Amino acid sequence: MLVFDICLGFRHCCRGSRLALLFEASGMIALLDYGSGNIRSVEKALRKAGADVQIGQSPSILKRACGAVLPGVGAFDDCISAMRKQELFEGIKSFIQSGRPFLGICVGYQALFESSEEFNSCAAGLGLYKGKVVRFKEQPGLKIPQIGWNQIQITQPNCPLYRDIPSGSYVYFVHSFFPKPADETLVATRTEYGESFASSVWRENVFATQFHPEKSQTVGLKVLGNFVGLVERS
């Protein structure tokens, strides 16, 4: 009780100071806004999953964050260009290297790789992993983009993002392109849509999904809740 009272008093006395800002940011997740379009739905879902979320448009927010989420919709080149303009490109690299939990969603997942075939893209991705973002192959009866619910088959049962989530669960997709990791050991889940593709990856503190957890109802909230738990324990 004494320790609790001291903490409350410390917070009250420091309110409005730089020290208070750091104190209050404990466990904070930075939600990176570079004009990707779906930022509010991701924010709402993270808050529902129990996160302390702050939206930021510059790398300064990453310096005091315990976790970070990079969402994204739209074209690969546009997203990379926006990140570079806002100086988030190098900021994200530094954040990942720090070992703090990071989650990429949709284009935020694709951006982790070297390049994309989308619209004859010439932008270089973050290059965290070797591999290229490719388009679904045209097949009779296959609608591109994939829009709607599909299953994930968990290939890394120990991945903390999928704790208490059964393999075969349904999540929500909206995409025409997906990464092809050169290193198969990265792949955390696979999904069938005309072909088998890597619907998420995991390596140490980095998690990324092609599906949209914020649109995936109960399963999506569980995925986000697992990520929030990792941030709180880090």
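Biologist: What makes E5, E6 and E10 an open sheet, and which strands stand at the edges?

Modeller: In this predicted model, the three strands are ordered E5-E6-E10 with mixed pairing, where a strand is a DSSP run of E of at least two residues, numbered from the N terminus, and two strands pair if DSSP finds at least two bridges between them. Strand E5 (115-116) and strand E10 (177-181) each have a single partner strand, so one side of each is left without a neighbour in the sheet.

Biologist: How do you know that E5 pairs with E6?

Modeller: Two bridges join E5 to strand E6 (residues 131-135), and the definition asks for at least two; the strands run parallel, and Ser 115 has Lys 132 of E6 as its bridge partner.

Biologist: Why is H5 called roughly perpendicular to H6?

Modeller: The axes of helix H5 (residues 76-85) and helix H6 (residues 88-97) cross at roughly 85 degrees and come within 5 Å; because 65 to 115 degrees counts as roughly perpendicular, H5 is given that name relative to H6. The contact (heavy atoms within 4.5 Å) involves Ile 80, Met 83 and Arg 84 of H5 with Leu 88, Phe 89 and Ile 92 of H6.

Biologist: What makes one residue of this contact charged?

Modeller: Asp, Glu, Lys and Arg count as charged, and Arg 84 of H5 takes part in the contact, which by class has five nonpolar, no polar and one charged residues.

Modeller: Residues are numbered from 1 along each chain as its sequence is written. Local features need pLDDT of at least 70 and side-chain atom pairs pLDDT 80 or more, while totals for chains, interfaces and linings use all residues, and side-chain values use heavy atoms, without hydrogens and water.

Notes. Helices (H or I, at least four residues) and strands (E, at least two) are DSSP runs, numbered from the N terminus. Axes are lines fitted to C-alpha atoms, for helices over the stretch in contact, and angles run from 0 to 180 degrees between N-to-C directions. Angles under 35 degrees count as roughly parallel, over 145 as roughly antiparallel, 65 to 115 as roughly perpendicular and the rest as oblique.
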